[in-house]
Every structure is written in C-alpha cells, then in structure tokens.
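User: Could you take a close look at the empty spaces in this structure for me, and then at the strands and backbone around them? I would like the cut-offs spelled out as you go.

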Amino acid sequence: MNTSAMRFGSGRHTSRSEDPPLVSGQGRFTDDVNVPGQAYAVFVRAPVAHATIKNIDTSAARALPGVLGVFTGRDLAADGVGAIPPVASAIGRDGKPMFAAGMMVLATERIRFVGEPVAMVVADTLAEAQDAAESITIDYAELPAVIAVEQAMAPDAPAVWPERPGNVALDWADGDETAVDAAFAAAAHVERVRLLDTRLAPVTMEPRAGIGTWDEATQRYTLIAGTQGVAIVRKLLASVFGVPPRTIRVLTHDVGGGFGMKAQCYPEYAAVLYAARKVKRPVKWCNSRTESFLSDNAGRDGVLEGELALDAQGRFLALRVRTFVGLGAATTQFAAIFGTANTKNCLSSVYRFPTIHIGVKLVLTNTAPLGPYRGAGRPEAIIVIERLIDRAAMHMRIDRVELRRRNLIPSAAMPYKTPNGPIYDGGEFETIMDKALALADWKNFKTRRRLSEKRGRLRGIGMCCFLEVAGGILNEKADLRFESDTSVAIRLGVQAIGQGHLSTLPRVIAAKLGVAVDAVRLIEGDSDEVPEGTPSVASRSLMMAGSAGVVACDAAIEKGRGVAAHLFEVAAGDVEFAAGRFTVKGTDLQMPILELAAKARAIRELPEELAGGLDNVAEFVSPQMSFPNGCHVCEVEIDPETGVVAVVGYAAVDDVGNIVDEAIVDGQMHGGIAQGLGQVLGEQVIYGEDGQLINASFMDYIMPRAEDMPPLRTAHHGVPCTTNPLGVKGAGESGVAGALPAALNAVMDALAARGIEHLVMPATPARVWAALQRK
C-alpha cells in the first residue's frame, strides 16, 4: 500500500505535462483569446426572482455611441431561436416523462430567477456595452417566488412554470417497495435521518466566457468557450438554432476548472453566436464573478431523508431513501441523471442491503438552474447511509466500526449483484477499511480526545466507507491517426479541465503502441476534429476515452499485422508485435509500427482489407460502470467558545483500480476532499425570501482556504476493474464522496459529548456555537 502525507496536490514520481504553461502565465483561456474585429457583449440580468416582463425600452441604449446592437428575447424568438433542452429524461411514477423546462437564451415573457439574462448589448468596446446596458429600462410585474424545495412543494405554491402547477418536474421511484415495507415491519430497530443538502456555487477559477463568430461565406457559426466537451455543446446549439450540427464549430482551449458546471450549454453561448450573425462581427463576452454566482449552474440543493431497518444483531434488512432535489428554474442537460439514477446506483455502497427503495422528486424553484457538481448525486446517497449507520450504532450501542464490518460485502461475494441494479466486478472493502483506520491511528483517538479536553476543546472522529459509480454514458469513440511527420494523433471527445489529460492519455497510447510519449499528440476541444462523445463528467475520461484509445490501438496493431505479413510475404500468424515493432517468428525481419504505418499509407497495391493505412475510429462500449470505493477518516476539534471547527486530521484509502499517474490521482483526491470539507464547514448559496442572492461574492461565500486544510494522509489499494482494458476506475469524485460524510460524522461525534445529535449543515461557527448554547 502506497501512503503519503501531503498538504495539497502531489509532485511525486512524475511532473504533469500541462503544468509549465499554466503556472508561467502561458495558458490560453477563453478571455485570453481575441479575434480581429471583435465587439463586446454585456447582458442585462433580471433583478427579481419571479415576474412577468411588461416592457423593455432599449431606445436609449441603441442611441449611444459605439452600440452595434441591442437584443431581447422577443428578437430571438422572432428569428426562431429556441430554448436549450435537457439531454436526458426519465419516466415518473405516473408513466410520464420529466417536465422539460428548457433554459431560455434570453427571457421573453417571464423571469424565473435573479440573474436570468433578459437583454444583450453589443458595442465596439466593453465600456460602451456596459454603459448601454445600464440605460435599458425594463418594467417588471413581480410575482410571488418559491425559493426552498419544501416551499415550492407546498399546496397552492406559486408555479415557476404555469404549465407545471405544483412545481414537481418529476416524481420518480425505484426498488421493491413491498419488500422494503415488509423488512421495516419486521425490524428490531429503525434509524432515521433528515439532512439538508446545501446548494453550492461551483466557483471555478475561470469565469464563464465565450466568443461567437459567423462566417457568411461558409454559413457557419464558431464558438470559443471553456467547456467540458465540445460535442454536446455543438449538438445543443444546433437544436437551439434549428440547424445541422455541421454548421457549428465549438473550440475549447485551456479551461480553468469545471466540476461539472461547464458541461452545460449556456444561454450566453447561443446569444453571442446570434449577435455575431446580426452585427456581422465576432462578439466576445466574459462573466464577472458576481454574474457567475448568479447564473452558473449550481450544485447539490435539496432535502435527504433516509431510513435503515436492522435486526437485533445489527444486520441491515432494508434501506429506504427519499430525496427532494431543488432544480432551480430549468431542467438542465443532465438533471434527470444526477437527480435520480446517480443517487440510486450508489445506495448499496459497500454494504449488504437485502432490499432498497428510493423515491425522488425533482422540484422547480425560482433560483438559478441546478447542474452536475463534483459527485453529482453520489455523495447524497453516501451521506444518508453513513449518517444512518453512525446513528444506529449509537442508539443500538454497537461500535460504529463493528456495525460497518458486520454488513460489508465480502470480497468472496464478487461479482456481487446489488438490489439497486449495479453488479460489482470486484472490491476489497474490509481490507480498505482496516487500512484507513490504521492510517488514521483510530485506536489512539481517545488519547487525543483527552488532550483536547484538557485544552477546553471538543474532539471528534468520523469515518465513511463508500462506493460510487463512474463512467456515466458507457460508450466513447477515439480517432487514431498516424501522421505524415511520424507522430501519432489521438482525437478524443472528452476535455481537459485540470485533471491531467496531457499527462495520462498520451502515455496510455504510447505504451500500447510501443512508441515514445512525445510522439503522441492529444487533440481535444475542436468539434471539427474530435469524434462525437460525452463530456468529461462522471469521472469517465480515462475509463471511457482512454479505453477507446486502447481499442483503436488494438485495431491498428491487428491491421498492421496483416500489412506486415503482406510486406514480409509471410503468414499473418507468424507476425508478432511487441515494444513498438512487428517481427516475424524465427527470423530477423522487423519493422517499427511508425515506419509500417507510413508504408501502409503509401503503398497502392495492398489488398482491399489492408488498404487505407492504420488510421481508424474505434468505439469502446463498457458492459458496466466502474466502482471507485474507499474509506476516509476525518478528525476535528471544536472550540466551544467560538464554535469554530478545525479539521486536524484526515486519512483516506481509495480503490481507483489501476493507476496510470499517482500524482494526478492524489491531486484529484485532494481537490475532492477540499470540496467535501467545504460543504460541511461553510459552503452554502443563500437566497433571501424574495429570491435575492445574499452571498454572491468571495467576500460572502465561505470556501475552505489553504490554512483550513490539514495534512492529508492518502493511500491506494487498487483492485483492477475487469470491465475496461485499462483496469481503471474513476478518480475525480471519490474525494467528495468520502469527505462529505466523514467530516459530518466527525463534527457530530465531537458534539455528541454535549448531547447534540442533530445539526443542519453547514457547521459554521455561528451554527455550532448556537447549538452548544442550547445545551
């Protein structure tokens, strides 16, 4: 087992290939790009949460110097510009699909959240566009707003969309409800929890931005924007404009963080393309930080309820979960997935639950739309389970480690068919738990607690055993080409957003083909170049795109074997491939694959089945998701005089399957852990009762700082995945899945010394202090 204690990221073993330009100011983010002749766009955003638009007066703006165009939702509608639809849907209990509330490019008749774009000004300079935007007068007729999920579901609540009274976009369920009810009726003990899943702001370092251009000669749009995958954005923009996808090109350069938020096709993307065609110039826009808080897809948001049935010995009998997800004002691209299936698929976690049932309501509110955010429904499942286990252990007077141990799925049971659907191909959950407890020095915690008590502090320790699903959509293509300059180009539809594609994916291809890493070029972020694919979401890039690359390499090698046999005039069965060379058994005949690829491209008299070179587009289809898992242990200390919670220790052992680059995996874990701790300790988007966003700045929105992070002790216990050729499992979101429950359990363990059994997240100093005063 490899272990490490580091503060942030990792520099061990290898250097990341993408780092030098990024840390030396040579990165090329969207706002760094300028196009000759570009104009600038500024958006007028709604100042109210819910209203009808009575009138928009743009006359003063149009008359100002430098203004090239002023556009409203009615202008776009008149030109046939539609809304941005969801990509996925789901069927509800009533047999009907989810209500599809598309994202309006510019609002037309009604405003549904503060920050929704209402009008757009395009001018020669940014300052001129800003001045003109301020001169637009909009007359609103305000309507009652619903902000919280429970408020939106109340009888007679105002409808966010008049077409959907009641505000429930989808009422969905999965599992054997009859079996679950019977198990609960027979249970010796039933444990219940109710948790607030706080709404979060993704706060990527790079705000959203875009440049739209229109080429009159080719009748094509081009969008430059920081995305998590160009293909899905192109597909949705084509839907918005009602044009074939081939008439739109999407380019993505460097991306300053995504966390799922930048997988969305946003209204501003369509708006700048529309404006570029209208004013006949490129149009550039970049959000301010406040605009990002107001309009970026948010994460989490909802209410989580769970019930656990146990027998007298603490064996799990059944799990019942209900979630109420605050979708905001629209059903975004993947709402139907992260709100339902992602949570459902994680409910078995690492435990033997004989039967499981989940009910989900996706609820529309007058807030910014909700999107996938690191974990995207998975941490919600895990935190419910882990809080139920800790509370059951306390009330049944069973040691919390022992209660988990009694219910872990043994490695001998693999492959394991869960009652909620997934089939685990492998896992060594008890071994991982024991390694994590040792790494955290769990057995000596009581000594550390006594030392804290002597200093007037409350100390707590929490653990979380977890399993999540990775892969998402289980097919992906790779385009492999052997170039004339003897390089190998791999074109992929996923997108680097900070997770190290340049350090890992070329290495995979180079190893498979037996060529130097610097001979491999990775091409992403150009919809004219890359194959259709799914964005970099669901921790899927290496598992899916990397595996597609391997399949493409296998196809090239197999075809190369036939070409070599033809050139050497031997049987194909006598040709072997190893270390980048084709050789003939029992002879000294050999040829490097790069040389053979060049010959295969040049020779005209090859048989038809061998013609065309070794280039190919291959598709990998996974038979199943992968299942990253682990055990995390968090230790906290609370100052009862101030309510301040300090994280004083953190240990994690993770199974992400085979590891291509340990430094990158560690960095991914550290980032996920930081975001999980952030949600427990302070992160929360706060709306007032009128729908105004109260903390729309870094001055007001609490995020963990470097000084808040303890040294992180991380280790790996990899069990290779059997359902993809690399044996990898996703690594991008495990840190959140482990940190969120472990940290909350640690806080509650510390507060238990004062008789406190419940605290609504986040555990801010004010909230913790108030809870302590009530005791």
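Analyst: Happy to help; what follows starts with the cavities and pockets and then turns to strands, a salt bridge and some backbone details.

A word on the source: this is a predicted model, in which local features need pLDDT of at least 70 and side-chain atom pairs count only at pLDDT 80 or more, while totals for chains, interfaces and linings use all residues. Residues are numbered from 1 along each chain as its sequence is written, and side-chain values use heavy atoms, with hydrogens and water left out.

**The largest cavity**

Rolling a probe the size of a water molecule over the atoms shows where empty space is left. Here the search works on a 1 Å grid over the protein atoms alone, and a cavity is a set of points where a 1.4 Å probe fits but cannot get out. Grid points are joined across faces, edges and corners, and a volume is the space filled by probe spheres set on the points. Over the whole structure, seven cavities of 30 Å³ or more turn up. The largest of these cavities has a volume of about 150 Å³. Its lining (residues with an atom within 4 Å of a point) holds 18 residues, and Asp-197, Val-325, Phe-338, Gly-377 and Glu-380 lie nearest the centre. Two or more lining residues come from each of β14 (299-310), β15 (316-328) and α10 (335-345); helices here are DSSP runs of H or I with at least four residues, strands are runs of E with at least two, and both are numbered from the N terminus. β14 gives the most, with five residues.

By residue class, the lining of the largest cavity has eight nonpolar, six polar and four charged residues. In this count Ala, Val, Leu, Ile, Met, Phe, Trp, Tyr, Cys and Pro are nonpolar, Asp, Glu, Lys and Arg are charged, and the others, Gly among them, are polar.

β14 also holds a backbone detail, since Arg-300 is placed in this strand. Arg-300 has a positive phi of about 60° although it is not a glycine. Most residues other than glycine have a negative phi, and most peptide bonds are trans.

**The second largest pocket**

A pocket, unlike a cavity, is an open set of points with protein on both sides within 12 Å along at least five of seven lines. The second largest pocket has a volume of about 620 Å³. It is lined by 22 residues, with Met-394, Arg-400, Arg-449, Asp-749 and Ala-752 nearest its centre. α11 (378-396), α14 (445-454) and α19 (734-752) each supply at least two lining residues, and α11 has the largest share, five residues. The lining of this pocket divides into ten nonpolar, two polar and ten charged residues.

α19 also borders a loop that runs to α20 (765-774), and Pro-762 is found in that loop. The peptide bond from Met-761 to Pro-762 is cis, with omega near 0°. Another cis bond, with omega near -5°, joins Met-414 to Pro-415, and Pro-415 sits in the loop between α12 (400-407) and β17 (416-417).

**Strands and a salt bridge**

Strands count as paired if DSSP finds at least two bridges between them. β2 (residues 39-45) runs parallel to β13 (residues 283-286), joined by two bridges, and Tyr-40 has Lys-284 as its bridge partner in β13. On β13 there is also an antiparallel pairing with β10 (residues 209-215) through four bridges, where Ala-209 is matched with Cys-286.

β2 takes part in a salt bridge as well: Glu-268 pairs with Arg-45, the closest N and O atoms being 2.8 Å apart. The pair links distant parts of the chain, with Glu-268 in helix α8 (residues 267-279) and Arg-45 in strand β2, 223 residues apart. The whole structure has 49 salt bridges, each a side-chain nitrogen of Lys or Arg within 4 Å of a carboxyl oxygen of Asp or Glu.

Finally, three strands form an open antiparallel sheet in the order β5-β3-β7. β5 (110-111) and β7 (137-142) stand at the edges with a single partner strand each, so one side of each is left without a neighbour in the sheet. Six bridges join β3 (residues 51-57) to β7, and Ile-56 finds its partner in Ile-138 of β7.
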